[in-house]
Amino acid sequence: MNILSFIVWNPNHTALQFGSFEIRWYALCWMIGLALAYFLVKRLYKEQKIKDELFDPLFIYCFIGILAGARLGHCIFYEPQLYLTSFKGFLEMLLPIHFLADGGWKFTGYEGLASHGGTLGLMLALWLYVKHYKLSLWLVLDFIAIATPTTATFIRLGNLMNSEIIGKITDVPWAFIFEHVDSMPRHPGQLYEALAYALLFFIGWYLYRKFPQKVGTGFFFGLCLTYIFTARFFIEFTKDIQVAFEAGMPLDMGQLLSIPFVILGVWCMWKGWKKA
């Protein structure tokens with residue numbers, strides 16, 4: 001293979017820096033994705049004539065649910081031996097720190113977030129939200145589902161900027177050489193997912209405009225789950241394993257965790273279509 005034929009990828013992890021304070025690309029992508037979803041859902045609330053005071057707490061519920069679920073999902077599903085076998089590991093699961101060998105600690109941020117856990121955390125947060133504010137669960141789930149692909153797109157772009165969740169070695173002409181990892185050309189699995197999720201946003205928005213009566217039936221929530229986790233299932237075939245225990249498995253952990261979400265999504269789409 002001629003490595004000059006491929007895309008050499010070696011970005012600086014820091015997007016913005018002010019003195020000793022820095023904002024990394026990963027954090028910036030998260031913020032952009034959440035901000036886009038925030039304004040989209042706010043617009044949907046306004047179009048459905050839901051009071052502003054019912055929207056304001058939604059972002060807090062979603063942010064905490066996604067972050068907590070994504071962090072716990074990664075630690076429990078992918079690295080339980082690291083985080084669940086010692087008190088220090090348990091603290092590192094809950095706090096954005098890493099304990100050093102000399103007894104000290106350093107701030108690291110949350111290194112390791114799983115989208116499956118984030119989805120579960122978001123669903124639980126939305127259930128608590130609608131119970132407290134007396135709204136329709138299916139209505140709120142559909143709102144969030146229409147906006148979610150924008151956040152998912154930017155999260156995967158953040159992974160790309162971090163040179164993480166890399167693909168398998170390949171000779172396709174669009175292969176990336178992640179210099180932070182090694183010198184081998186690999187599938188840009190993060191980019192595949194980002195493009196797939198961006199497409200889902202336009203599909204979902206088009207269907208929302210064409211079939212507004214389906215909002216509140218669970219159809220859009222089902223569409224989001226089915227599309228995202230079906231795409232995730234197949235794109236996983238281009239990715240390298242994330243943890244050692246996945247070696248030799250016919251399906252990796254990401255694929256196994258995607259199957260229940262696809263089943264739930266198909267059921268929600270069928271129920272929503274039939275109800276509408």
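What follows is a short back-and-forth on how some labels in this predicted model are earned.

User: What makes H6 roughly antiparallel to H9?

Analyst: The axes of helix H6 (residues 115-133) and helix H9 (residues 219-235) cross at roughly 170°. Angles over 145 degrees count as roughly antiparallel, so H6 gets that label against H9. The two axes come within 12 Å, and H6 passes H9 in a left-handed crossing.

User: Which residues make the contact of H6 with H9?

Analyst: On the H6 side you have Ser 115, His 116, Thr 119 and Met 123, and they meet Phe 221, Leu 225, Phe 229 and Arg 232 in H9. That set divides into four nonpolar, three polar and one charged. Arg counts as charged, so Arg 232 is the charged one here.

User: And H6 with H10, how do their axes sit?

Analyst: H6 and helix H10 (residues 253-275) have axes that come within 10 Å and cross at roughly 35°. His 116, Thr 119, Leu 120 and Met 123 in H6 meet Gly 254, Leu 257, Ser 258, Phe 261 and Leu 264 in H10. This contact splits into five nonpolar, four polar and no charged residues. Gly counts as polar, so Gly 254 goes in with the polar ones.

User: How do you know that Glu 47 and Arg 43 form a salt bridge?

Analyst: Their side chains meet at 3.1 Å, N to O. The cut-off is within 4 Å, so the pair qualifies. Both residues lie in helix H1 (residues 25-47), four residues apart, about one turn of the helix. The structure holds nine salt bridges.

User: Why do strand E2 and strand E3 count as paired?

Analyst: Pairing needs at least two bridges, and four bridges join E2 (residues 14-18) to E3 (residues 21-24), so they count as a pair. The two strands run antiparallel, and one of the matches puts Gln 17 with Glu 22 in E3 as its bridge partner. The hairpin has two residues between the strands, and Gly 19 takes a positive phi near 65°.

User: What makes E1 and E7 edge strands?

Analyst: Each pairs on one side only. They belong to an open sheet of three strands with the order E1-E6-E7 and mixed pairing. Strand E1 covers 7-9 and strand E7 covers 185-186.

User: How do you know that E1 pairs with E6?

Analyst: Same test: at least two bridges are needed, and E1 and strand E6 (residues 176-178) share three, so the pair counts, in the parallel sense. Val 8 stands opposite Ile 177 in E6.

Note on methods. Residues are numbered from 1 along each chain as its sequence is written. This is a predicted model: local features need pLDDT of at least 70, side-chain atom pairs count only at pLDDT 80 or more; totals for chains, interfaces and linings use all residues. Side-chain values use heavy atoms; hydrogens and water are left out. Axes are lines fitted to C-alpha atoms, for helices over the stretch in contact, and angles run from 0 to 180 degrees between N-to-C directions. Angles under 35 degrees count as roughly parallel, over 145 as roughly antiparallel, 65 to 115 as roughly perpendicular and the rest as oblique. A crossing is left-handed if the near helix is turned anticlockwise from the far one by less than a right angle, and right-handed if clockwise. Contact means heavy atoms within 4.5 Å.
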